[in-house]
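Let's take a walk through this fold, strand by strand, and stop at a few odd spots in the backbone along the way. Have the model open as you read.

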Amino acid sequence: MTNASPMVQLKLESTNQKAELDFHADAIDARPRNVHSKILYAVRDPNTRPWTYRRPRQPNDPHPTDTGGKNELREVEIRDGRFYNKKALHSGSRGKDLDDPNLLTLDSSGFELVQVPEFNEVSLSLEDFYGGHRVQNEYYPVVVDVVKKHTGAAHAKILSHVVRNAKMMDQKNLPVEPEKDQAHGVFGYAQSIHSDYTKSTALTSFKEAASYPDERHYRSGRFAVLCLWKSICKEPIKNDPLCLLDGRSLVKDDSISGDVFGYGFQTSVYRLDTRNAHQHRWYYFPHMKSDEAIIFKHHDSDPTCRSGNAFHTSFTDPLASPETANTRQSIDLRVLCYFPDHTPNTCPEVGPKPTDEECAQVLAEAITEMARKIHLNLGKWPGLKTKWVVEQVRKGGADAIEAIIQNAVGDEERIFELNDKDDAFKNMVATMLRQNKLFEKALKQSVSQMS
């Protein structure tokens, strides 16, 4: 018998009921704003595993082209999620029937529209999302609170974020200025249906996090990898919105594993097979405002959940005017959520809980790995001080390396969960970096590959 820690649905009791039913009611028309648009499916080919390059290919890359695998554009109906979810909330079941096809929540469809604080409530400007460390320091905690509130998670960790802006991309959806745009996590819009995590990559993220200081206490129960997606500018999203597949309409074995190659990374994703497109139900939320966000699933470790992930893609809104619609500027934040009270346990075995020293060793190795790839991840060094790090390495000497170590353990961008740790733990990590000559060697080798 499952005693699930629920992905909390839109609450309808007491004051929450009125708040949810009134949630941007002014933006909900008497008739649904359904549209028809073409979106890109994959075609299953037993001889080819799909691939995509988000960077220029190199001579030693395994593929001869930027993309591979068969694709098919299919015209689909994309339904107005605002209208149908409100209809479900006003129905006889008052939003409690998870099999109601109109109900769009994390527990039912695998995605949900929620309210979030305005940026001015957290003192962030649009420019802050394109550089600096304020997103990590000031917005990550806000997102963690929002996700925990709407899911009931006991703990949440943000894995990464990406800002999207088509004007910063060229015709191949690659950064116009790779060193600048990729450094700050600026990408184009997803142009094919996908899910960012496979079961394997989600399990890897869970296992890797299990050795970090704050996550080592959450090793059993249930976990989920979610995404919070929202606009970062004041204007409502008029074009290139996000559409999502109702997970209850997904047919078994519709997923196709594929590979994505980026600057300094390779990962696996799911593409969506076109063979059952006629059964798929697609939704979007028209004209999303800056105080709204979609939370959707990438992976849920509970095998009994109705929707384990939410396939998604951007699409062209045929009702939007290109002349008046502003360029969409949005942010995706990938969040690892923990539900330790869930029974039975659905988390993978990760061994005994690590000690402080073992956690420090993991972080020292992670910092060394970042140093090894600094020429591929320009701007990713904590504090966005990559150019300063390069200058220190080229200057040489023990003082320069020590300055880099202190910058790393200071962890201004919360990359390693070190910024709020006590001095004793930070010193433990710093000592390991000093004693491990691989750190200094990695820095020098990486910088030598930069012009």
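Strand E4 and strand E13 (residues 282–284) run parallel and are joined by 3 bridges. In this predicted model, Arg79 is the residue that sits opposite Tyr283 in E13. E4 also has an antiparallel partner: strand E1 (residues 35–43) is joined to E4 (residues 70–80) by 9 bridges. In that pairing, look for Ala42 facing Asn71 in E4.

Now for another sheet. It is an open one, built from 6 strands in the order E5-E14-E9-E16-E6-E7, with mixed pairing. Which strands stand at its edges? Those are strand E5 (111–115) and strand E7 (186–187); each has a single partner strand, so one side of each has no neighbour in the sheet. Further in, strand E6 (residues 155–165) and strand E16 (residues 329–339) pair antiparallel over 10 bridges, with Ile158 opposite Val335 in E16. As a reminder for reading any such stretch, side chains in a regular strand alternate between the two faces of the sheet.

The pairings with bridge counts line up like this:

| Strand pair | Sense | Bridges | Opposite residues |
|---|---|---|---|
| E6 and E16 | antiparallel | 10 bridges | Ile158 and Val335 |
| E1 and E4 | antiparallel | 9 bridges | Ala42 and Asn71 |
| E4 and E13 | parallel | 3 bridges | Arg79 and Tyr283 |

Next, the empty space inside. There are 5 cavities of 30 Å³ or more, and the second largest holds about 100 Å³. Its lining takes in 14 residues, with Arg164, Trp229, Leu242, His312 and Asp332 nearest the centre. Strand E9 (222–231), strand E14 (292–300) and strand E15 (312–314) are the elements that each give two or more residues to that lining. How does the lining of the second largest cavity divide by residue type? There are 6 nonpolar, 4 polar and 4 charged residues.

Gly258 is worth a click too. This glycine is found in strand E11 (residues 255–262). Is Gly258 buried or exposed? With a relative accessible area of 1%, Gly258 counts as buried, because the cut-off for buried is under 20%. Its C-alpha atom is 5.6 Å from that of Arg49, although the two are 209 residues apart along the chain. Beyond its neighbours within four places in sequence, Gly258 is in contact with Arg49, Pro50, Thr267, Ser268 and Val269.

A few loops have backbone features to check. In the loop between E16 and helix H6 (356–372) you will find Pro344, which is joined to Thr343 by a cis peptide bond with omega at about -5 degrees. Asp240, in the loop between E9 and strand E10 (242–245), is not a glycine but has a positive phi of about 55 degrees. Asp240 is partly exposed, at 22% relative accessibility. In the loop between E10 and E11 lies Asp253, also with a positive phi, near 70 degrees, and also not a glycine. Asp253 is exposed, at 52% relative accessible area.

Finally, zoom out. The protein has 10 helices and 16 strands, and 54% of its 451 residues count as buried. Among contacts with a separation of 6 or more, 80% come from residues 24 or more positions apart. The protein exposes about 20,400 Å², with carbon and sulfur atoms supplying 48% of that area.

Key: Residues numbered from 1 in each chain as written. Heavy atoms only, no water. Helix = DSSP H or I, 4+ residues; strand = E, 2+ residues; numbered from the N terminus. Buried < 20%, exposed > 50% of the residue type's maximum accessible area, 1.4 Å probe, protein only. Contact = heavy atoms within 4.5 Å. Areas by Shrake-Rupley, 256 points an atom, 1.4 Å probe, with all protein chains shown as cover. 1 Å grid on protein atoms, 1.4 Å probe; cavity = no way out; pocket = protein on both sides within 12 Å on 5 of 7 lines; lining within 4 Å. Points joined across faces, edges and corners; volume = space filled by probe spheres on them. Nonpolar A, V, L, I, M, F, W, Y, C, P; charged D, E, K, R; others polar. Pairing = 2+ DSSP bridges.
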